[in-house]
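Here are my notes on the model you sent round, set out as numbered points. They deal with charged and polar side chains, loop positions and backbone angles.

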Amino acid sequence: MASEEQLLAIKKAKVLMVGAGGIGCELLKTLALSGFQDIHIIDMDTIEVSNLNRQFLFRQSHVGQSKAKVAREAVLRFRPHISITPYHANVKDPEFNVDFFKQFNVVLNGLDNLDARRHVNRLCLAANVPLVESGTTGFLGQVTVHIKGKTECYECQPKPAPKTYPVCTITSTPSKFVHCIVWAKDLLFAKLFGDKNQANDLNVRSGDATGSSEHAEDFFERREDEDFEQYGRRIYDHVFGYNIEVALSNEETWKNRNKPKPIYSRDVLTGEFVQQNGNLDKNSHIDDPSTVSAMASLGLKNPQDIWSLVENTRIFLESLKLFLGKREKEIGNLIFDKDDQLAVEFVTAAANIRAASFGIPMQSLFEAKGIAGNIVHAVATTNAIIAGLIVIEAIKVLQSDTNNYRMTFCLEHPSKKMLLMPVEPFEPNKSCYVCSETPLLLEVNTHRSKLRDFVEKIVKAKLGMNLPLIMHGSTLLYEVGDDLDEDMVANYSSNLEKVLAELPSPVTGGTVLTVEDLQQELTCNINIKHREEFDEEKEPDGMLLSGWVQSPQMKKVNHKQVDNEDSTSIVSQPVHVETEDVNETEIVVSTGTKRKSSEISSTSSIASAASVGTRSNQKPEEINDDDDDDLVILDGHSDTLKKKRLQ
């Protein structure tokens, strides 16, 4: 039973929930049943059919409606006297600023992406509001507590770069089905249906002159005299036939590899199959073009069947035909979405045909969708456990029970008959650029790199700023905002195209840039170091950001216990999946690595008994996902961290 002090703290609390998905549904229910009276929820998503198996506040009739609003209505049916305020909006919208966050006693995160988590972390720091973080994937999950000045913030330990695949592997020498998926999704699909202005090299890296010629660029455009079938077969023959033959012409590549087999449509489809291949009329009764399906058109029903090469070829041609015939207005703006049935069908078929060419086992649409969407299927029980742990930590925060804060991890397999592993929170990292304002170091060729490169590759991609302001001394070099006049916008746009050394206030070696995000109330100083050359394979950005490191004590532990895991002490260091060299471009697939801790609290009755991996004192995988939309983004820290007891 809760004490009177706890009940009073609960009733008086004003709580902000961010996310109303897998964890969010369970969390809102648990908060309401625990006695919380004033709850606010932010979620920008609408309900999808795939949510219904675990987000229990939603029903079939709610599909397409706001998650935050429907969740409120569902809970008020059994707790009608409490106040629940929903916001169907993005937490990064300007209305959710520092002043908005200051009104709450605690913020509870149930998000599914790194960018939004970083944003909320910074707003909580600026508003000095406690944050309880959480994440689940499958049977794994965790809850962490972040209090300004007392525990590490969410960004105190650098997050590793997502897994990357060398482009030469993707375009020339795939050896795994995931390579074929990345090729089909990020190269072929993007080339045919995405932004035509984006650089995209589908042609294999060879000495063939047409590989990067203007002819090759125009090849993917449909000709005026072509019908859908002719265009589809021409594309098919080019990417699965001609390009493979070009690759085979480089004999050096295949000395120690199995040679691929060129595949042409004429060798796969007989005249009979061509006549049978789909019919646009079968989808003519569908009002919403986004719901058309090549499987339905061809009479294929089971997504767990592995299609034959003939079936994959027919799906490839039919899905291309449907995009051109039913969704022509979207072409040029499409981005792959795992919930887009036709897109998944196209990518599955293309990946399977490529896999067949390279002797890689083909997969079902069900498996291909999982790989393309980075899906780990959600477990509702894990969400319920994590939601309960969030509420437990929130109550401790409301009572300022600092000594009993815990980061708690939900394990897949019991250790000493225990599935939950609590760990005392870490102290703030003195090297954290977010909560300790430690300056960073950027190595860059100031005579070649443009301000645009700095903004896109460093300020937005690495530092996660949304509305950046960049200053050199008292000179404002770049700013974003709705209140800028036309002259200012033109001036900043002009600056973006200038190399750093030629800006109105030149940025050279020894310069200190101040980067600020007014919405997040975050300021960061970056020391510039001029560097002439960069390794195009290992440093494709042409710049290197560092200084975001772990404390010396943590480093000492790392040297002793890390084993074979890669260090993530440098912000821009990529984490590679394989041993192949990285080429000029990297295709990124979201995933993560493990974070571990040492010296788990002896005061916890079960922490010392927990055993994960090969050591009994390792922290399990830290999850950065609430299962919503089945997107897996693991918050991995591959370095071992030394726990420090909070004073």
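**Notes on the predicted model**

1. Glutamate 48 sits in the loop that runs between strand 2 (38-42) and helix 3 (67-76). The model is a predicted one, and in it glutamate 48 is partly exposed, its relative accessible area being 27%. Between the C-alpha atoms of glutamate 48 and lysine 67 the separation is 9.4 Å, with these positions 19 residues apart along the chain.

2. The loop between strand 6 (140-146) and strand 7 (163-166) contains glutamine 157. Is glutamine 157 buried or exposed? Glutamine 157 counts as buried because its relative accessible area is 2%, and the cut-off for that class is under 20%. Its side chain is in polar contact with the side chain of glutamate 152, at 3.4 Å.

3. Lysine 150 is also placed in the loop between strand 6 and strand 7. With a relative accessible area of 42%, lysine 150 is partly exposed. Its C-alpha lies 8.9 Å from that of proline 425, although the two residues are 275 apart in sequence.

4. How many salt bridges are there? The count comes to 19. One of them joins the side chains of glutamate 155 and arginine 118, with an N to O distance of 3.3 Å. This pair links distant parts of the chain, 37 residues apart: glutamate 155 is in the loop between strand 6 and strand 7, and arginine 118 is in helix 5 (residues 114-127). Glutamate 155 is buried at a relative accessible area of 1%, and arginine 118 is buried at 9%.

5. A second pair to look at is arginine 234 with glutamate 226. They form a salt bridge in which the closest N and O atoms are 2.6 Å apart. Both residues of this pair, arginine 234 and glutamate 226, are buried.

6. Lysine 462 and aspartate 541 form a salt bridge as well, with 3.4 Å between the closest N and O atoms. Lysine 462 is in the loop between helix 17 (451-460) and strand 11 (468-472), and aspartate 541 is in the loop between strand 14 and strand 15, so the salt bridge ties together parts that are 79 residues apart in sequence. Which of the two classes, buried or partly exposed, applies to lysine 462? Lysine 462 counts as buried because its relative accessibility is 17%, whereas aspartate 541, at 28%, is partly exposed. On networks, salt bridges with shared partners join Arg118, Arg122 and Glu155 into one.

7. Arginine 233 belongs to helix 9 (residues 228-248). What is the nearest side chain of opposite charge to arginine 233, which is buried yet has no salt bridge? That side chain is glutamate 229, at 4.1 Å. The cut-off for a salt bridge is within 4 Å. The side chain of arginine 233 does have a polar contact, at 3.2 Å, with the side chain of serine 265.

8. Glu532, Glu533, Asp535, Glu536 and Glu537 form a negative surface patch. Of this group, glutamate 537 is located in the loop between strand 14 (522-530) and strand 15 (543-546). Its relative accessibility is 34%, so glutamate 537 counts as partly exposed.

9. Two backbone angles should be checked. Most residues other than glycine have a negative phi. Asparagine 128 is not a glycine, yet its phi is positive, at about 60°. Asparagine 128 is in the loop between helix 5 and strand 5 (131-137), and it is exposed, with a relative accessible area of 52%.

10. Serine 400, again not a glycine, has a positive phi of about 55°. Where is serine 400 found? It lies in the loop between helix 16 (380-398) and strand 8 (407-415). Serine 400 is exposed because its relative accessible area is 53%, the cut-off for exposed being over 50%.

Technical notes
Residues numbered from 1 in each chain as written. Predicted model: local features only at pLDDT ≥ 70, side-chain atom pairs only at ≥ 80, totals over all residues. Heavy atoms only, no water. Helix = DSSP H or I, 4+ residues; strand = E, 2+ residues; numbered from the N terminus. Buried < 20%, exposed > 50% of the residue type's maximum accessible area, 1.4 Å probe, protein only. Polar contact = N/O pair within 3.5 Å; in protein donor to acceptor, adjacent residues only side chain to side chain. Patch = residues over 30% accessible without salt bridge, like charges linked within 9 Å, V, L, I, M, F, W, Y side chains within 5 Å. Areas by Shrake-Rupley, 256 points an atom, 1.4 Å probe, with all protein chains shown as cover. Lys, Arg positive; Asp, Glu negative; His and termini not counted. Charge placed at Lys NZ, Arg CZ, Asp CG, Glu CD.
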